[in-house]
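Trainee: I have just opened this model and would like a close look at a single part of it. Could you pick one strand, show me how it is held in place, and then follow the trail outwards from there?

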Amino acid sequence: MRVYLDNAATTPIHPKVLEKMLPFLKEDFGNASSIHSFGRKGRVVIEEAREIIAGFLNADAGEIYFTSGGTEANNFTVRGIVKAEFKESGRKRIIASRQEHRCVKDSVKELKFEGYDTDYINTLPDGKTDIINSAPLITNDTSLITIIHTSNETGAVNDIKYIAGLLNNKDIYLHTDAVQSFGKTVIDVKELGINALTGSAHKINGPKGTGFAFIKSGTPVSPLIFGGAQERNRRGGTENVAGIAGLAGAVLLAKTSMNENWERVNALKSAMTNGFQSIDKAGIQINSNPDSSPYILSVTFDSRFYKNDAEAMLMYLDINGVAVSNGAACSSGTYKPSHVILSMGKPIEDVNGTIRISFSADNNMDEINFALEVFKKMSLKFRRQA
């Protein structure tokens, strides 16, 4: 048996989604910016998709912008809002959480290099952003606050509505990266009180290379990509009609099965959590709290009991049929400890033994039981000798 438990990284495309995409990869190949009939077919699909996503978020269709994925959407919103607001008001201060996905973290870092002021909200030991104590960071020069909705590493869910309340009458823009929550839980952008939100298709059984940004009407934003009038002059480049059709198809599927999927993966996560506690209650720490997303479970093998080696652990699991990831980024073969897990206060030795298991509704209990048996064997292999 081979078990795929890395659904926070990507999910398989659903057959019904692929079915919606295929015509625009074959006979309906026209450029959606063309005025002839070939192009108009693509334009209709794009605008219908915009309506579908807007309705799903309780937004207006004109507030949805299509991108090449979550990374571009986050770069577009964070950099675009900050730069546009600086031109309008001169404000140049950005506040971000320490648990942001790297595409947001690095966008903020790059803005700092460009002369903008930056500050960070700390992470609590349970993985949530310390929103309660964030108020002193907010100044008259603050233009944007960006806080991830659901952590891609621990599944911790942040109270975005609360921080939006702190910004009442402050004319400060609020962005949230919802890549790990979009299509999995109800999100109402009006209720949250946000100015910008980002999502991605391939986390919900849609195609890779397609995402979107919600930008509330009236929010200033500069383009990230120039060279065309597409997306109302805010995102140049020929639209990916097939990808956008796939995104809309994935959203429609999510809409009909979201609650059922939530309950299913919640049961899988509970079984996995109980299984780890049975393997070693003292030596395996559960990082994901009960109120975290059921789609993500983060565990840490305590370095007092285990000889942690992130890459060796993942390789062992993969060889034995279990695909997961760890709370770290690997680039060009170089291991980099996770900034998210470090921000929770864990020592580097424990960070090196942190593993992320992420579920989908396609997983089943047999797979969970199989994976737990492999984890049990791994725990014996990496256990320190008394």
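Mentor: Let's start with β2, which runs antiparallel to β8 and is joined to it by 4 bridges. Two strands count as paired here if DSSP finds at least two bridges between them. The strands (E, at least two residues) and helices (H or I, at least four) are themselves DSSP runs, numbered from the N terminus. Within this pairing, T67 of the strand sits opposite G211 in β8. Before we go on, please keep in mind that this is a predicted model, in which local features need pLDDT of at least 70 and side-chain atom pairs count only at pLDDT 80 or more, while totals for chains, interfaces and linings use all residues. Residues are numbered from 1 along each chain as its sequence is written, and side-chain values use heavy atoms, with hydrogens and water left out.

Now look at the two sides of the strand. In a regular strand the side chains alternate between the two faces of the sheet. In β2, I64 and F66 are on one side and Y65 and T67 on the other, and all of them are buried, which leaves both faces covered. Buried means a relative accessible area under 20%, exposed means over 50%, and partly exposed is in between, with a 1.4 Å probe and protein chains only.

What does β2 meet? A good guide is I53, which is in contact with I64, F66, F182, F212, L247 and V251, leaving aside its neighbours within four places in sequence. Contact means heavy atoms within 4.5 Å.

These contacts lead us into the largest nonpolar core, which has 48 residues. Such a core is a set of buried Ala, Val, Leu, Ile, Met, Phe, Trp, Tyr and Cys residues joined through side-chain atoms within 4.5 Å. I53, L57, F66, I145, F182, L197 and F212 have the most contacts inside this core. The elements that give it two or more residues are α1 (15-21), α2, β2 (64-67), α5, α6 (189-192), β8 (211-215) and α8. Of these, α8 gives the most, with 9 residues. Another core, of 29 residues, lies apart from this one and includes V3, L297, I355 and I357.

I355 is a handy signpost to a sheet elsewhere in the model. Four strands form an open sheet there in the order β9-β10-β15-β12, with antiparallel pairing. At the edges stand β9 (284-286) and β12 (325-326), each with a single partner strand, so one side of each is left without a neighbour in the sheet. The partner of β12 is β15 (residues 354-358), and this antiparallel pair has 2 bridges, with N326 standing opposite I355. Helix α8 turns up again here: it packs on the sheet, touching β9, β10 (296-301) and β15, and its direction makes about 10° with that of β10. Axes are lines fitted to C-alpha atoms, for helices over the stretch in contact, and angles run from 0 to 180 degrees between N-to-C directions.

Back in α2, which also contributes to the largest core, there are charged partners to find. R43 and E47 form a salt bridge through their side chains, at 3.0 Å from N to O. A salt bridge is a side-chain nitrogen of Lys or Arg within 4 Å of a carboxyl oxygen of Asp or Glu. These two residues are 4 places apart in helix α2 (residues 37-57), so about one helical turn separates them. E47 is partly exposed at 33%, and R43 is partly exposed at 24%. R43 has a further partner in E239, the closest N and O atoms being 2.7 Å apart. E239 lies in the loop between α7 (230-233) and α8 (241-280) and R43 in helix α2, so this pair ties together parts that are 196 residues apart in sequence. E239 is buried, with a relative accessible area of 10%. A network of salt bridges links R43, E47, R50, E231 and E239, and the count of salt bridges comes to 16.

One last stop is N233 in helix α7. Its phi is near 65°, a positive value in a residue other than glycine, and at 54% relative accessibility N233 counts as exposed.
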